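Got your viewer open and a selection box ready? Here is a short tour, one stop at a time.

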Amino acid sequence: MTYKDNKTKILGLHHVTALSSNPQKNVDFYAGILGLRMVKKTINFDAPEVYHLYYGDSEGSPGTLMTFFPYPKMAKGRQGTGQLTVTSFSIADGSIGYWMDRLKKYGVEHTTPKKRFNDEEFIYFEDTDGLGIELVTNDRDYREGYNYGHIPREHTIKGFYGITLNQQSHKRTADFLTGCLDHKVVAEDGDRYRFSPDGEVGGIVDVVEMPSGSMGRGGSGTVHHVAFATSDDEAQLEVRERLASTGVHVTPVVDRQYFKSIYFREPGGVLFEVATNPPGMAIDEDPNHLGTSLKLPTWQENNRDVIESNLETITFDAMEFMD
Ligand code: ZN
């Protein structure tokens, strides 16, 4: 099902969206401990009684956006095959010691630093719902992260490094990434197969093969879907046409206010999205005040009172998370 096209339409990762339980604990972990900027506080457009919280760099750039649907009473899921199991963030060489100290200070258990693919050093830990996170060091990432937050600039999380998908067999997912989504084979290390559109930090997709792994189950602490970035509406429609012509069941374009989206499942079962980079997080909010007030899509503004009364109040004070 290889699609021949002379231009790359998929530019890397756009966002990762996960399920969580308590929204305040989610804010404390991602905005507080990890020091990402909360760039948007809105609702799940398909379930307006639930928040949709976005964290990212100073501008909420594609490739830095970790987002959550916090369902306060959601039961825990189980990590396994057919899932995105680890979201990896990029930090500078020399920052791993800072992060180990910081995680320890806030009672977050983490692994000792490990290595793979020769130069890549990382630590693994989980958020308060059990979602798998890595911090990966490298000297190739010039993004600045949230550069006026409460984490020292040299140690800030710069954005995504990449993601890990667990599959019982890597082959079908690999063929899908390379055949339909402009990814190339980058490297192989044991049971870990690495793909990326351009080889750059931020767009890495690792497929880890676990032939006897048990299937994951959705719930809090699991990823709901991953979105790949594309430049504009036209490129998105071309990808949509490409997918449809190879028999992939893909949704029509959906307006998500900050980007437009199409959704489809890769052959291993992970829900994929392709999202447009424009219009971005500043479409309904002053860039200096991203994430500070509850934003609703225009079609829900009339229901603001009811929606607000159904959401529990969340607060954030960076001073509580200073070193
Ligand atoms: Zn999404």
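By class, how many nonpolar, polar and charged residues are in the lining of the largest pocket? Keep that in mind while you find the place; what you have on screen is a predicted model.

**Stop one: the pocket.** Select M38, L290, G291, T292 and F316. Of the 16 residues lining the largest pocket, these are the closest to its centre. The space in there comes to about 300 Å³. Now for the count: the lining has 8 nonpolar, 6 polar and 2 charged residues. Next, colour strand β2, residues 37-44. That strand gives the most to the lining, with 3 residues.

**Stop two: the zinc ion.** Show the zinc ion and add H15, H225 and E273 as sticks. These are its protein donors, through NE2 of H15, NE2 of H225 and OE of E273, and they lie 2.0 Å from the ion. Along the sequence, the donor residues follow the spacing H-x209-H-x47-E. H15 sits in strand β1 (residues 12-20) and E273 in strand β16 (residues 271-276), so this pair ties together parts that are 258 residues apart in sequence. Switch on a surface and look for these two: are H15 and E273 buried or exposed? Both are buried.

**Stop three: a peptide bond to check.** Move on to P278 and P279 and look at the bond between them. It is a cis peptide bond, with omega at about 5 degrees. For context, most peptide bonds are trans. To place P279, trace the loop between β16 and α5 (304-310).

**Stop four: two backbone angles.** Most residues other than glycine have a negative phi. Select D182 to see a positive value in a residue other than glycine, with phi near 65 degrees. Where is D182 found? Look in the loop between α3 (171-180) and β10 (184-189). Although D182 is in a loop, this residue is buried, with a relative accessible area of 14%.

Then jump to Q257, where phi is near 70 degrees, again a positive value in a residue other than glycine. You'll find Q257 in the loop between β14 (254-255) and β15 (260-265). Is Q257 buried or exposed? At 14% relative accessibility, Q257 counts as buried, the cut-off for that being under 20%.

Terms used:
Residues are numbered from 1 along each chain as its sequence is written. This is a predicted model: local features need pLDDT of at least 70, side-chain atom pairs count only at pLDDT 80 or more; totals for chains, interfaces and linings use all residues. Side-chain values use heavy atoms; hydrogens and water are left out. On a 1 Å grid over the protein atoms alone, a cavity is a set of points where a 1.4 Å probe fits but cannot get out, and a pocket is an open set with protein on both sides within 12 Å along at least five of seven lines; lining residues have an atom within 4 Å of a point. Grid points are joined across faces, edges and corners, and a volume is the space filled by probe spheres set on the points. Helices (H or I, at least four residues) and strands (E, at least two) are DSSP runs, numbered from the N terminus. Ala, Val, Leu, Ile, Met, Phe, Trp, Tyr, Cys and Pro count as nonpolar, Asp, Glu, Lys and Arg as charged, and the others, Gly among them, as polar. Donors are N, O and S atoms within 2.8 Å of the metal (3.2 Å for Na, K and Ca); water is not among the atoms, so sites may look incomplete. Buried means under 20% relative accessible area, exposed over 50%, partly exposed in between (1.4 Å probe, protein chains only).
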